[in-house]
Amino acid sequence: MAKKIVIDPLTRIEGHGKITIHVGDDGMVNNAFFHIGQVRGFEKLCEGRPFYEMPSLMARICGICPVSHLMASAKACDALMGVRIPEPGANLRRIMNLAQIIQSHALSFFHLSSPDLLLGMDADPQTRNIFGLMAANPGVARDGIRLRQYGQEIVESLGGKRIHPAWVVPGGVNAPLSVEQRDRILSLIPEGIDVILRTLGWFKRGLEKYREEIRVFGNFPTMFLGMVSASAGLGFYGDGWLRIVDSTGNIVADHVDPRTYQDFLGEAVEPWTYLKFPYYKPLGYPEGIYRVGPLARLNLVNHCGSPLADQEFAEFRTLERGAVLSSFHYHYARLIEILFCLEKMEQLLHHKDILSKHVRAFAAPNNDEGIGVAEAPRGTLIHHYKIDDQGRIIWANLIIATGHNNLAMNRAVLQVARRFVDGNKLQEGMLNRVEAVIRAYDPCLSCSTHAVGQMPLTIDLVGPEGEVLDQLRR
Amino acid sequence: MSKVRLATVWLDGCSGCHMSLLDMDERLVEIADKVEIVYSPLVDNKEFPQEVDITLVEGAIGNVEDEEKIKMIRQRTKTLVSLGDCAVTGNVPSMRNTCGAKAVLERVYLENVTLQPQIPSESVPALRSRVCPVREVVKVDVFVPGCPPSADTIHALLVGLLSGSVPDISLLSRFGA
Ligand code: SF4
């Protein structure tokens with residue numbers, strides 16, 4: 001008799017989702033789906049609003065990576081005004097963006113995933129969380145809290161507020177950097193580097209324990225897509241170009257202008273989730289599967305662009321001969337990116353013009369269409385607006401980082417379910433692994449739209465007519 | 001003394017209010033000492049338990065499941081807190097009320113699409129025609145405005161509630177802050 005296992009709500013991920021696993025008569029997994037069930041419709045509700053409100057409004061898409069939305073949105077507005085913003089303003093935006101990536105990656109790694117890594121995938125679900133970690137391993141919990149705090153404090157010291165700061169505006173930023181602010185931020189960096197190096201140390205030493213997870217956690221060939229910097233290193237602010245590599249690490253497309261995204265990215269809809277499925281048009285759907293985010297970026301770039309991160313990067317790339325394919329290594333890549341962000345921030349803060357008062361360009365709109373692209377913590381983020389002659393938004397399209405990974409996350413869930421879930425003898429730890437692979441991708445479901453169906457974990461035994469014959473609760 | 005049973009939920013919001021909760025940073029450790037987190041996106045319990053002392057609600061009521069869920073939560077919670085502007089007023093999610101859910105769905109799933117345009121309807125909850133704040137569906141005991149309320153505000157709120165009183169947070173937070 002066919003069974004459907006429902007994991008709902010998924011926990012320790014950012015936003016709400018659920019997973020259904022379809023199990024055949026023999027207890028084997030036949031199929032699995034990752035559903036997202038909420039829409040707020042920013043693409044529509046922004047219509048009629050003045051374009052200069054967009055950064056503040058669009059930041060509210062997501063409380064975890066509001067700064068990424070600020071970046072992409074403000075860049076789309078710069079394009080509407082047709083201005084090139086003063087370089088010090090761009091550098092200040094970059095610093096805030098790096099700070100946010102630190103906090104978002106720290107949240108994903110420490111607060112959400114490290115309980116699985118340190119307490120174990122099969123640990124007691126009652127304590128398998130950041131609070132349990134505070135008791136069992138207070139040093140690591142504290143490191144995580146502090147690292148996230150550094151990121152948030154830097155965002156706050158620049159923008160006056162940790163979440164949804166109003167400082168990033170069309171044309172630049174609305175206040176220059178003071179000496180005190182600069183010195184305050186610089187003073188946080190060394191301790192941040194200590195924490196992340198310590199973390200990379202224990203993470204790498206522990207990898208051996210997770211050999212089986214590494215083997216099946218979304219480990220399959222796909223393409224990888226993302227922005228690289230002007231020197232083909234890591235560039236989160238998105239002023240280089242877009243690159244796509246295949247699973248062997250060969251470049252499929254390079255020097256692509258991200259503003260032409262509609263030429264090569266399509267979006268498909270499936271009836272069972274509110275999250276759309278972007279795909280690479282030349283290969284069609286679903287063959288045009290690709291991944292974005294930390295793992296993708298480290299597979300794309302020639303180097304990171306800062307000394308310590310480059311050492312780690314060289315070691316990372318020896319994991320596999322072509323691209324690194326296991327999605328478990330999103331965690332690893334995330335840690336290396338945190339290190340890069342800290343080093344890069346320091347470089348930017350020492351820039352000779354960083355205290356300049358020229359941080360904003362003013363103009364009325366000069367174009368009726370604008371596209372802004374940035375690398376969010378989770379991958380490439382695209383904001384695309386059209387305005388009328390009064391500067392009011394008449395149309396918007398957003399491609400959100402988590403969306404790009406939708407095909408890959410669904411495939412990963414199926415891969416892990418097939419390996420670990422036994423429909424005849426269900427155990428909690430099996431299901432936690434299915435959730436853990438989703439955590440590796442660090443999806444941001446607030447960003448995507450987001451799901452709500454928060455019912456307990458139930459396992460239904462369904463008859464041929466769909467009637468529920470038996471039910472099991474976690 | 002038994003620990004206070006605390007729950008946190010997110011409905012139609014952006015998770016920013018939950019992030020602001022985490023922004024208490026090391027004060028989290030001290031709060032975690034005094035409470036038992038019985039349900040939250042940050043822990044793995046899948047079922048909202050009975051007899052919860054305090055529930056912090058982020059987000060507005062946007063779809064039919066939000067509505068069912070908040071009614072169940074109300075029954076099981078002593079002190080229900082609307083945390084943040086979305087829960088208090090509807091805020092950004094309720095901006096779609098001017099055009100309606102249908103127009104939103106059509107734009108996202110029929111127009112801005114390359115392949116298989118269709119409005120998802122299997123295994124996903126239907127949107128309500130109108131987004132509304134929590135208090136339109138159930139009685140709310142404490143309102144905390146802010147988008148999001150700052151970590152200091154949330155800290156003051158929790159310290160007060162844990163000592164058995166409802167603190168005056170009107171000087172700490174305001175709408176949109
Ligand atoms: S009140 Fe603001 S921060 Fe809180 S969920 Fe709503 S939009 Fe996000």
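The exercises below concern a predicted model and treat the interface of chain A and chain B, then one cavity.

**Exercise 1.** State how many residues of each chain are in contact, and how much area is buried between chain A and chain B.

Solution. Start with the contacts: 79 residues of chain A touch 60 residues of chain B. Next take the area, which is about 5900 Å². Carbon and sulfur atoms give 57% of this area. Then look at single residues on the chain A side: F131(A), V269(A) and Y274(A) supply 12% of the area that chain A buries against chain B, more than any other three residues.

**Exercise 2.** Describe the polar side of the interface and the elements of chain A that take part.

Solution. First count the salt bridges: the rule finds 10 across the interface. One example joins the side chains of R162(A) and D23(B), with N to O at 3.3 Å; this pair passes because the cut-off is 4 Å. Then count polar contacts, which come to 36 residue pairs between the two chains. Elements of chain A that each supply at least two residues include α4 (87–119), β14 (393–399) and α15 (428–441). The most comes from α6(A), with six residues. By class, the side of chain A that touches chain B has 32 nonpolar, 23 polar and 24 charged residues.

**Exercise 3.** Characterise the second largest cavity and its lining.

Solution. The model has nine cavities of 30 Å³ or more. The second largest holds about 100 Å³ of space. Its lining has 18 residues, and C14(B), C17(B), C86(B), N91(B) and C147(B) lie nearest the centre. In chain B, α1 (16–22) and α4 (85–89) each supply at least two lining residues. Sorted by class, the lining has six nonpolar, eight polar and four charged residues.

Methods. Residues numbered from 1 in each chain as written. Chains lettered and ligands numbered in written order. Predicted model: local features only at pLDDT ≥ 70, side-chain atom pairs only at ≥ 80, totals over all residues. Heavy atoms only, no water. Contact = heavy atoms within 4.5 Å. Buried area = accessible area lost by both parts, 1.4 Å probe. Polar contact = N/O pair within 3.5 Å; in protein donor to acceptor, adjacent residues only side chain to side chain. Helix = DSSP H or I, 4+ residues; strand = E, 2+ residues; numbered from the N terminus. Nonpolar A, V, L, I, M, F, W, Y, C, P; charged D, E, K, R; others polar. 1 Å grid on protein atoms, 1.4 Å probe; cavity = no way out; pocket = protein on both sides within 12 Å on 5 of 7 lines; lining within 4 Å. Points joined across faces, edges and corners; volume = space filled by probe spheres on them.
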